[in-house]
Amino acid sequence: MREVHRVGLIGCGWMAPFHVAALQSLGDRARIVWAADPVRERAEAVALPAGARSLTDYHKGLGEVDCVFVMVPHHLHHPITLDCFRAGCHVLLEKPIATSVEQADEMIAAAERAGKAFMVGYQHRYKNCVQQFKKILDSGRYGKPFLLEGVMDSSMKGYALGWIARKETLGGGVFFSSSPHLLDVMLFVGGEVQSLRMVGTRGGVAMEGEDTAACVMKFRSGMIGVARDTWASPRCRTWYTLHAACEKAHVTLTTTPLGDLARDAHRCAWVTRIVADGGTEEVLLESGEGLDVLPEIQHFFNCVDSGCRPQTDGHMARKLIALILQAYRDAEADGAN
Ligand SMILES: NC(=O)c1ccc[n+]([C@@H]2O[C@H](COP(=O)([O-])OP(=O)(O)OC[C@H]3O[C@@H](n4cnc5c(N)ncnc54)[C@H](O)[C@@H]3O)[C@@H](O)[C@H]2O)c1
């Protein structure tokens, strides 16, 4: 019989309700034991509907759980994840892995020493719509893809961003924090990247790093990739778009929250569509998946149960920040950010 996983949640801010909702839908596969946040009201708001305890210090709960979900500001990913491995827990860590490659290496080593699962939450590749998008391209039905474009478009102007506004706590700008959601999926779909360059600018969000970034990449397959991401959109149009130009058709995936993304994302409805257009438009998938982290969490528990390595494990997540930090260094050197 499968074990019921006892889960602790560290960090009870914007992202936490998505994880709580997904965990609650898993029935007896997992039970939230506690939720921790130094801001007591946040811990209580997340823990109470799930029937769990709220803590202001996560250290007090580590001995009671076998899995921990870490959802805290980026500069805390490294110390908190190390604490969890020291306590013998499996860790599902929100993206990105850390703010430096050196920290990522220590976290990977700690997971290996502890013999515990370590997964970083790049949820998009696990979703049915992205799996379908990749399958459609891999099937060859629309010919070879030669251009892959990823776009994220959201509006963060006017929100109090706190730690997100500071480079030291975020790790960079939008390209460090949000664009990896595009890059992870683009590497999943397109394979190894041979070269990548970024440029960044400011569109009026009150933050130290760039609020708008674009990057181009060349895949070993010959395909080129373009990723554009802004938090400074005058109005959020379509939150997440993937577009592949194939020899015989454009294949486009769009995911849009039907409400305010920053304020209401876990309460509002979402639509996801995949459309192929090779002269006649064909809707290939329409669903309400949105920012559902359930497939990611199921993958995590499957890996914990089987001992298999998660697809977005520490090594994959380290590869992403290594690419990103190198692209920042190149951009700083030629004044492009
Ligand atoms: N996967 C996604 O689509 C997605 C979207 C948004 C955010 N995120 C990620 O989720 C993580 C959290 O982001 P957020 O938007 O929820 O931020 P947030 O600021 O809304 O929440 C972070 C919470 O962590 C708490 N915290 C700070 N120090 C703590 C500590 N020592 N112990 C416990 N809690 C502590 C804060 O009090 C706050 O409530 C980040 O890694 C972020 O990149 C992921």
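The dialogue below covers the ligand site, a salt bridge and a cis peptide bond in a predicted model.

User: What should be known about the model before reading it?

Analyst: It is predicted: local features need pLDDT of at least 70, side-chain atom pairs count only at pLDDT 80 or more, and totals for chains, interfaces and linings use all residues. Residues are numbered from 1 along each chain as its sequence is written, and side-chain values use heavy atoms, with hydrogens and water left out.

User: How many residues surround the ligand, and which are the closest?

Analyst: A residue is near a molecule if one of its heavy atoms lies within 4 Å of it. Here 26 residues surround the ligand, and Asp37, Arg42, His74, Lys95 and Trp163 are the closest.

User: Which atoms of glutamate 94 and glutamine 123 approach the ligand?

Analyst: A polar contact is a pair of N or O atoms within 3.5 Å; within protein, one must be able to donate a hydrogen and the other to accept it, and residues adjacent in sequence count only if both atoms are side-chain atoms. An N or O atom in the side chain of glutamate 94 is 3.1 Å from a nitrogen atom of the ligand. For glutamine 123, a polar side-chain atom lies 2.9 Å from a ligand oxygen atom.

User: Which residue forms a salt bridge with aspartate 105?

Analyst: Side chains of opposite charge can pair when their charged atoms come close. The rule is a side-chain nitrogen of Lys or Arg within 4 Å of a carboxyl oxygen of Asp or Glu. Aspartate 105 pairs in this way with arginine 318, the closest N and O atoms being 2.5 Å apart. Aspartate 105 is in helix H4 (residues 101-114) and arginine 318 in helix H11 (residues 314-333), so the pair ties together parts 213 residues apart in sequence. Helices (H or I, at least four residues) and strands (E, at least two) are DSSP runs, numbered from the N terminus.

User: Where is proline 96?

Analyst: Proline 96 is in the loop between strand E5 (90-94) and H4. The peptide bond from lysine 95 to proline 96 is cis, with omega near -10°.
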